[in-house]
Amino acid sequence: MSHIAVERNRRRQMNENLKVLRSLTPCFYIKRGDQASIIAGVIEFIKELHLVHQSLEAKKRRKSLSPSPGPSTPRPLQLSPTPESPFNNNFKELGASCNSPVADVEARLGGSNVMLRTISKRIPGQIVKIINVLEMFSFEIMNLNISTMQDTVLYSFVIKIGLECQLSVEELAVEVQKSFSSDVFCINEI
């Protein structure tokens with residue numbers, strides 16, 4: 001009888017710990033809700049955090065060995081909270097939106113990555129323009145999904161923030177919006 005109670009308590013603790021791990025990990029690392037997927041996603045996230053930490057430590061060492069010639073102060077990635085976006089998802093992190101009559105752009109931070117989404121009418125060559133903007137500002141594209149319905153297209157990017165990146169989430173949304181047209185109306189949601 002006591003063995004059953006001990007096992008039940010162990011399973012309860014395991015489930016509680018898995019819930020905590022899942023809540024601390026950005027949603028795009030966890031593919032499914034089963035225990036193995038949660039643990040695999042957490043491992044992937046921790047490995048990536050470790051690589052980012054190593055890169056930052058190396059950058060710090062390089063900076064301390066050779067001081068920069070000018071008083072340039074890099075801007076950190078700035079965040080501003082946004083309410084639920086028009087995109088239907090569970091990605092509830094910090095970010096910004098920039099909307100125009102041509103396209104809606106949303107950028108959200110999750111760990112060391114940014115989830116970037118655009119929705120617009122199909123425009124030939126637009127995906128190349130967005131990729132050029134991302135590469136110009138030292139973002140690395142980790143994943144790209146393209147969904148279409150009639151003449152509307154949704155581009156969903158998972159992009160890694162490069163060490164040289166000095167762009168805020170708000171500025172990223174504006175720059176991607178500029179790739180669609182020159183008439184840009186941005187909404188910094190707080």
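# A walk through the chain

Going along the sequence, you'll meet the pattern α-α-β-β-β-α-β-β-α-β. That adds up to four helices and six strands. Keep in mind that what you have open is a predicted model.

**Stop 1: the whole chain, coloured by confidence.** Start with everything selected. The average pLDDT of the chain is 75, and 76% of the residues score at least 70. Now pick out two elements: helix H1 (residues 2-24) has the highest mean pLDDT of the elements, 91, while strand E6 (residues 185-187) has the lowest, 46. Next select residues 68-93, where the pLDDT is below 50; this stretch has 54 contacts in the model beyond near neighbours in sequence. Then try residues 182-190: pLDDT stays under 50 here too, and the model gives them 26 contacts beyond four places in sequence.

**Stop 2: the surface.** Switch on a surface view. The chain exposes about 12,100 Å², with carbon and sulfur atoms supplying 58% of that area. Of the 190 residues, 34% count as buried. And what about contacts across the sequence? Among those between residues at least 6 apart, 57% join residues at least 24 apart.

**Stop 3: helix H4.** Select residues 169-178, which make up helix H4, and show the side chains of Val169, Glu170, Leu172, Ala173, Val176 and Gln177; these are buried. Which side of H4 are they on? They sit on the same side, because they cover an arc of only 160 degrees around the axis. Now bring the surroundings into view: the buried residues of H4 pack against E1, E2, strand E3 (113-121), H3, strand E4 (139-149) and strand E5 (152-161).

**Stop 4: Ile130.** Jump to helix H3 (residues 126-136) and click on Ile130. Buried or exposed? Ile130 is buried, with a relative accessible area of 0%. Leaving aside residues up to four places away in sequence, Ile130 touches Leu116, Thr118, Tyr155, Phe157, Val176, Ser179 and Phe180. You've already seen Val176, as one of the buried residues of H4. If your viewer has a distance tool, try Thr118: Thr118 and Ile130 are twelve residues apart in sequence, and their C-alpha atoms are 9.5 Å apart in space.

**Stop 5: the E4-E5 hairpin.** Select E4 and E5 together. These strands run antiparallel and are joined by ten bridges. Find Ile146, then look across to E5: Tyr155 stands opposite. Tyr155 should ring a bell, since Ile130 touches this residue. Now follow the chain round the turn. How many residues lie between E4 and E5 in the hairpin? There are two, and Gln150 in the turn has a positive phi of about 55 degrees.

**Stop 6: Asn113.** Move over to strand E3 and select Asn113. Asn113 is buried, with a relative accessible area of 2%. Show everything Asn113 touches, not counting residues up to four places away in sequence: Phe28, Tyr29, Glu48, Arg108, Val158, Ile159, Lys160 and Ile161.

**Stop 7: Ser100.** Finish in the loop between strand E1 (94-99) and strand E2 (103-110), where you'll find Ser100. Although Ser100 lies in a loop, this residue is buried, with a relative accessible area of 11%. Which side chain does the side chain of Ser100 make a polar contact with? The partner is the side chain of Gln177, at 3.0 Å. That takes you back to H4, where Gln177 is among the buried residues.

Terms used: Residues numbered from 1 in each chain as written. Predicted model: local features only at pLDDT ≥ 70, side-chain atom pairs only at ≥ 80, totals over all residues. Heavy atoms only, no water. Buried < 20%, exposed > 50% of the residue type's maximum accessible area, 1.4 Å probe, protein only. Polar contact = N/O pair within 3.5 Å; in protein donor to acceptor, adjacent residues only side chain to side chain. Contact = heavy atoms within 4.5 Å. Arc of directions from axis to C-beta. Pairing = 2+ DSSP bridges. Areas by Shrake-Rupley, 256 points an atom, 1.4 Å probe, with all protein chains shown as cover. pLDDT = per-residue confidence, 0-100.
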